[in-house]
Amino acid sequence: MIHYRLRCISQHHEFEGWFKNAEAFTQQMEAGQLLCPHCGGQDIEKALMAPAIARKREDVSAQAPAAAMPDDVRAALQKIRAVVEAHCDDVGTNFAAEALKRHHADMESAPPTRGIYGVMQPDEREMLEDEGVDFAMMPWIGRADA
């Protein structure tokens, strides 16, 4: 899945959207299926987003402990997790290989109907980026019902 920050052109409202891949965003935008949740406007564009800066594993472990997560942020991440688990297949540690396989299949035929989720190592992430595979990383917190 891929995450975009979007903007309503006429009213300058900003909001977020999750898409199966970059092509799914383009198809929905061209079909007029994207609406501003604030005003219902259909003139939507991608907004500027801060890039995700990768850190080496040792840099991450050396950081100070993170501040406690606000309840509303935790609840939002738990809802996202529930949606991902309901609509995507868990491929576990095979995420990078499966994502690359699907990326090459997308170039030859129709994309799969379900997305995938799983885990990958930093070197696998770099490989997917080099190959031009669209993916999004997100914090994976405990379920709301756990």
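## Reading a loop, a core, ring pairs and a pocket

Ile9 is found in the loop between strand 1 (2-8) and strand 2 (14-19), in a model that is predicted.

Trainee: Is Ile9 to be read as buried, exposed or partly exposed, and which residues is Ile9 in contact with?

Mentor: Because partly exposed covers what falls between 20% and 50% relative accessible area, Ile9, at 41% relative accessibility, counts as partly exposed. Leaving aside neighbours within four places in sequence, Ile9 is in contact with Asp43, Ile44 and Glu45. Ile44 lies 35 residues from Ile9 along the chain, with 5.7 Å separating the C-alpha atoms of the two.

Trainee: Which residues make up the largest nonpolar core, and which strand gives the most to this core?

Mentor: In soluble globular proteins, nonpolar side chains tend to be buried together. Here the largest nonpolar core has ten residues, among them Ile2, Tyr4, Leu6, Phe19, Phe25 and Ile44. Strand 1 and strand 2 each supply at least two residues of this core, and strand 1 gives the most, with four residues. There is also a second, separate core of eight residues, which includes Phe95, Ala99, Ile116 and Val133.

Trainee: How many aromatic pairs are there, and what describes the pair of Phe19 and Phe25?

Mentor: A pair of aromatic rings is described by the distance of the centres and the angle of the planes. The count in this model comes to three aromatic pairs. For Phe19 and Phe25 the ring centres are 5.1 Å apart and the planes stand at 80°, so this pair is edge-to-face. Both Phe19 and Phe25 are buried, and ring pairs link these two with Tyr4 into a cluster.

Trainee: What volume does the second largest pocket have, and which residues are the closest to its centre?

Mentor: Rolling a probe the size of a water molecule over the atoms shows where empty space is left. In the second largest pocket that space is about 520 Å³. The pocket is lined by 21 residues, of which Gly118, Val119, Ala136, Met137 and Met138 are the closest to its centre. Helix 3 (71-87), strand 5 (115-118) and helix 5 (122-131) are the elements that give two or more residues to the lining, and by class the lining has 15 nonpolar, two polar and four charged residues.

Trainee: Where is Arg81 placed, and is Arg81 buried or exposed?

Mentor: Arg81 has its place in helix 3 and counts as buried, because its relative accessibility is 12%, where buried means under 20%. Leaving aside neighbours within four places in sequence, Arg81 is in contact with Met138, Trp140, Ile141, Gly142 and Arg143.

Notes:
Residues numbered from 1 in each chain as written. Predicted model: local features only at pLDDT ≥ 70, side-chain atom pairs only at ≥ 80, totals over all residues. Heavy atoms only, no water. 1 Å grid on protein atoms, 1.4 Å probe; cavity = no way out; pocket = protein on both sides within 12 Å on 5 of 7 lines; lining within 4 Å. Points joined across faces, edges and corners; volume = space filled by probe spheres on them. Nonpolar A, V, L, I, M, F, W, Y, C, P; charged D, E, K, R; others polar. Buried < 20%, exposed > 50% of the residue type's maximum accessible area, 1.4 Å probe, protein only. Contact = heavy atoms within 4.5 Å. Phe/Tyr/Trp six-rings, centres within 6.5 Å; stacked < 30°, edge-to-face > 60°. Core = buried A, V, L, I, M, F, W, Y, C linked by side-chain atoms within 4.5 Å.
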